[in-house]
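Biologist: I'd like to learn how to read packing features in a model. Could you walk me through some?

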Amino acid sequence: MSSAQSLRLEYLHPSESHSEGWHDVLGMAVFEGCADEGNSVEQRGRDSECALPGSGAEVPLAHVHTPVLDEPREVLEVWRTGGRAQRGSHGRVRHALSGGLLFGSLAVREAELAAPAGASPRTPLELATGLAYRQMYASLAAAGNPHLVRIWNYIPDINLDTHGLERYRQFNTARHEASLACGRAVAGKVPAASALGAASSSPLTIYFLASHQAPTFIENPRQTSAYRYPAQYGPRSPAFSRATVLGEGDAATLFISGTASIVGHRTMHAGDVAAQTRETLVNIQALLEEAQRRSRMSALSLEALAYKVYVRDPRELPVIRAQLEAALGSRAALLYLKADVCRSDLSVEIEAAGGRGLRPAD
Ligand code: 3EB
């Protein structure tokens with residue numbers, strides 16, 4: 001039996017989320033505006049781990065502070081399997097296990113960790129990232145060491161320079177160090193990932209999927225592997241694969257990492273958001289073809305993927321949407337979120353997932 005056989009993804013408004021029950025929900029992320037606007041994030045009280053009111057179950061939930069750019073303004077990303085999920089926690093990680101798949105979620109506030117002046121050579125974000133990654137690896141070890149397949153990282157003020165280094169680069173330094181310290185890969189067999197900005201007041205928020213079955217790791221022939229980026233992009237390279245494929249044939253699930261207008265290692269079309277959107281789609285198409293060449297997944301088309309589109313400047317949304325609808329049709333599954341992207345010359349970043357159970361038509 002393939003563990004990916006029954007993985008399903010849906011995007012709902014929280015008011016719709018009771019309809020099918022919770023027993024087979026592996027985990028969820030809720031996307032909405034920032035916590036200090038007094039919205040429901042505050043009413044729910046906790047940063048990333050609580051269940052929705054009335055759910056009656058402790059479903060792992062990541063609160064992501066990236067505003068939704070369409071109505072409804074609050075969207076729930078729900079990962080389900082066919083079977084009952086076993087839920088628990090390990091350290092700060094809330095997790096659920098079902099059918100060989102593990103979902104985990106955690107959040108770390110930098111303010112909790114600020115070392116006394118001079119006490120640590122690490123910045124608060126490096127400390128938070130190190131803690132989060134060590135906790136994630138410990139939770140994986142406790143669950144029998146499933147393979148990391150996909151990670152989502154949401155980093156407050158991702159493009160801000162502090163302590164002489166952009167915060168995304170601080171995150172990369174700490175991710176690299178924590179991974180090495182825990183005996184984990186920093187190149188090659190590394191999960192698909194996204195790393196985006198989040199509201200200043202939010203915690204570092206991470207959620208992930210792991211599997212007892214190893215995924216196939218996919219790189220993009222048009223791009224330098226991120227883990228081989230030259231030092232001009234920071235002292236430590238980002239540790240992620242361009243895509244992963246879990247399972248085979250019709251049961252395969254494709255996870256495409258956050259993808260941007262980068263060819264080789266260089267940003268293309270700085271200042272031209274329409275051209276950046278088109279270049280990003282060419283990258284995603286190349287990844288789809290490479291995934292089909294390198295794994296045993298069934299054929300998938302660009303139109304059949306479910307997308308999250310991260311938009312730096314909401315004023316550019318109409319241009320981005322027009323490009324995407326021209327390429328994918330108006331029925332494609334696209335969730336638009338406002339988020340900073342990890343290079344300040346990039347205006348848009350797009351991630352995607354595909355497979356049976358992840359098709360918009362399903
Ligand atoms: C890029 O291609 C864009 O650091 O985990 C995309 C996906 C990006 C994941 C990460 C960064 C990450 O370099 C940025």
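Modeller: We'll go through a helix, some aromatic rings and a charge over a ring. This is a predicted model, so local features need pLDDT of at least 70, side-chain atom pairs count only at pLDDT 80 or more, and totals for chains, interfaces and linings use all residues. Residues are numbered from 1 along each chain as its sequence is written, and side-chain values use heavy atoms, with hydrogens and water left out.

Biologist: Okay, how many residues does helix 2 have, and what covers its buried residues?

Modeller: Helices are DSSP runs of H or I, at least four residues, and strands are runs of E, at least two, numbered from the N terminus. Helix 2 (residues 124-142) has 19 residues. Buried means under 20% relative accessible area, exposed over 50%, partly exposed in between (1.4 Å probe, protein chains only). Among the buried residues of helix 2 are Leu125, Tyr133 and Met136, and what covers them includes strand 8 (147-156) and helix 3 (167-181).

Biologist: And which rings are stacked?

Modeller: Rings of Phe, Tyr and Trp (its six-membered ring) pair if their centres lie within 6.5 Å; planes under 30 degrees apart count as stacked, over 60 as edge-to-face and the rest as tilted. Tyr154 and Tyr207 are one stacked pair, 6.4 Å centre to centre with 15° between the planes. Tyr154 is in strand 8 and Tyr207 in strand 12, so the pair ties together parts 53 residues apart in sequence.

Biologist: Which ring does the charged end of Arg321 sit over?

Modeller: The rule wants NZ of Lys or CZ of Arg within 6 Å of the ring centre and within 35 degrees of the ring normal. Arg321 has its charged end over the ring of Tyr336, 4.8 Å from the centre.

Notes: Expected span 1.5 Å × (residues − 1). Contact = heavy atoms within 4.5 Å.
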